[in-house]
Amino acid sequence: MVTRDRKRAADELVARRESSRDDALARLEATAATPSFIRPTAPLGAVASSYLDALLARDRRRAVRTIRDAVDAGAPIKDIYAHVLEPCQHELGRRWQLRQLSIAGEHYCTAITQMILSQLYPLVVSADRSGRRLVATAVDGNLHEIGARFVADYFEMAGWDTFYLGASTPAEHLIQEVVQRRADVLAISAALDDQLASVRQVVTAARRDDRCRDVIVLVGGQPFCMVDDLWRQVGADGSAPNAERAVHTAEQLLAARSA
Ligand code: B12
């Protein structure tokens, strides 16, 4: 009896593994069909290409120099974010999924991008302050911190005071922070479908807390880029496909609220 149960359990495990391997292969094929995120004819396309080359060559000094040269040549910081750093990060993901880049390689490249974001930060702080306040983070379980960081930096460039909490902030602690910072907007980021439950948990916690009554909740990240009204389904006030549009959405929602 025990042996038969074990055999059935083993058969189920193999079947599950095979179907998840099939899913993984299907995803791989879909990614193979995705063209590179680096297009030499796009704005700052040549810089993006050189930056990616330097990352893949594991040449940190060249990567830093490439960005510094672009800034010195007058490239706006927003363009460096949107046309160099973001497509290069997405391209690393594509290559990782195609197994052209190891996990160690992706970690190395991402660490350089994070270092560069820190170096650029003094240029991100805008002289004109709007008096508005933002708390931004990746939801509980989400280790992808760069999307929320981009969002925070764009709000900072628009004159907001921003409080960026990094990766994986548990809902309860996040709500406390929103209250203590007197945030006008809470921006939360998810990268995978299985992080949507955490998103919903934060939105529900914010809605239940009277102190967050006036807080606008924005959600974003990959899953929200794939399904148009997913933000509505998780109970948020809005979403945006990128950091630039996130600022517009927040400002529109605030203006509509005070009209
Ligand atoms: C670096 C990286 C990691 C790093 C993150 C390190 C770090 N410190 O951040 C590590 C190694 C931890 C990691 C782990 C995993 N990763 Co990963 N990762 C990436 C990668 C290559 C880059 C992410 C990044 O930096 N993007 C750059 C930012 C700027 O772009 P963005 O996140 O899209 O954000 C923009 C918009 O989405 C939007 N946005 C984002 N957040 C918000 C929030 C709001 C409110 C708004 C309005 C807008 C907004 O604006 C941003 C700026 O314009 C991506 C590839 C990709 N396509 O993004 C894969 C990727 C996201 N990872 C993936 C996977 C599968 C994983 C793992 C499951 C792998 C594994 N088996 O362990 C784990 C999951 C970990 C976890 N629990 O979260 C997949 C997800 C596929 C999916 N959606 O199902 C991707 C897409 C790779 C791929 N091609 O398959 N990863």
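Is Trp160 buried or exposed? In this predicted model, Trp160 has a relative accessibility of 0% and therefore counts as buried, and the same value of 0% places Phe155 among the buried residues. The two side chains belong to the aromatic pairs of the structure, of which there are three by the rule applied here. Phe155 and Trp160 meet edge-to-face, with 4.8 Å from centre to centre and an angle of 85 degrees between the planes. Ring pairs also link Tyr81, Phe150 and Tyr154, which together form a cluster. A further contact with a ring involves a charged side chain, in that Arg181 lies over the face of Phe163 at 5.8 Å from the ring centre.

The strands of the model assemble into an open sheet of five, in the order E2-E1-E3-E4-E5 and with parallel pairing. Its edges are formed by strand E2, which covers residues 161-164, and by E5, each of these pairing on one side only. Within the sheet, E1 and E3 run parallel and are joined by five bridges, and in this pairing Ala136 stands opposite Ala187 of E3. Strand E3, residues 185-189, is likewise joined by five bridges to E4, again in a parallel arrangement, and here Ala187 stands opposite Leu218 of E4. The connection from E3 to E4 passes through helix H8, residues 196-208, and the resulting β-α-β crossover is right-handed. On the way to the edge of the sheet, E4 runs parallel to strand E5, residues 238-239, to which two bridges join it, and the partner of Leu218 in E5 is Gly238.

Strand E4 also stands out in terms of solvent accessibility. It spans residues 216-220, and five of its five residues are buried, so that the strand is described as mostly covered. The cover extends to both faces, since Ile216, Leu218 and Gly220 are buried on one side while Val217 and Val219 are buried on the other. Leu218 thus combines a buried position in E4 with a place opposite Ala187 and a bridge to Gly238 in E5.

The ligand is considered next. Its cobalt atom has a single donor from the protein, namely the NE2 atom of His144, at a distance of 2.3 Å. His144 is located in the loop that leads from strand E1, residues 133-138, to helix H6, residues 146-157. Glu145 is found in the loop between E1 and H6 as well. With a relative accessible area of 25%, Glu145 is partly exposed, because this value falls between the limits of 20% for buried and 50% for exposed residues. When neighbours within four places in sequence are left aside, Glu145 is in contact with Gln114, Tyr164, Gly166 and Ala167. Of these partners, Gln114 is 31 residues away along the chain from Glu145, and the C-alpha atoms of the two are separated by 9.5 Å.

A further set of contacts beyond the immediate sequence is found for Gln89, which is part of helix H4, residues 77-97. The relative accessible area of Gln89 is 16%, and the residue is buried, since the value is under the limit of 20%. Apart from its neighbours within four places in sequence, Gln89 is in contact with Cys109, Thr110, Thr113 and Ile146.

Finally, two residues other than glycine were found to adopt positive values of the backbone angle phi, namely Arg99 and Ser168. For Arg99, phi is near 65 degrees, and the residue is found in the loop between H4 and helix H5, the latter covering residues 103-124. Arg99 is exposed, with a relative accessible area of 64%. For Ser168, phi is about 40 degrees, and the position of this residue is in the loop between E2 and helix H7, residues 171-180. Ser168 is partly exposed, at a relative accessible area of 25%.

Conventions:
Residues are numbered from 1 along each chain as its sequence is written. This is a predicted model: local features need pLDDT of at least 70, side-chain atom pairs count only at pLDDT 80 or more; totals for chains, interfaces and linings use all residues. Side-chain values use heavy atoms; hydrogens and water are left out. Donors are N, O and S atoms within 2.8 Å of the metal (3.2 Å for Na, K and Ca); water is not among the atoms, so sites may look incomplete. Helices (H or I, at least four residues) and strands (E, at least two) are DSSP runs, numbered from the N terminus. Rings of Phe, Tyr and Trp (its six-membered ring) pair if their centres lie within 6.5 Å; planes under 30 degrees apart count as stacked, over 60 as edge-to-face and the rest as tilted. Buried means under 20% relative accessible area, exposed over 50%, partly exposed in between (1.4 Å probe, protein chains only). A charge sits over a ring if NZ of Lys or CZ of Arg is within 6 Å of the ring centre and within 35 degrees of the ring normal. Two strands pair if DSSP finds at least two bridges between them. A crossover is right-handed if, with the strands pointing away from the viewer, the path from the first strand over the helix to the second runs clockwise. Contact means heavy atoms within 4.5 Å.
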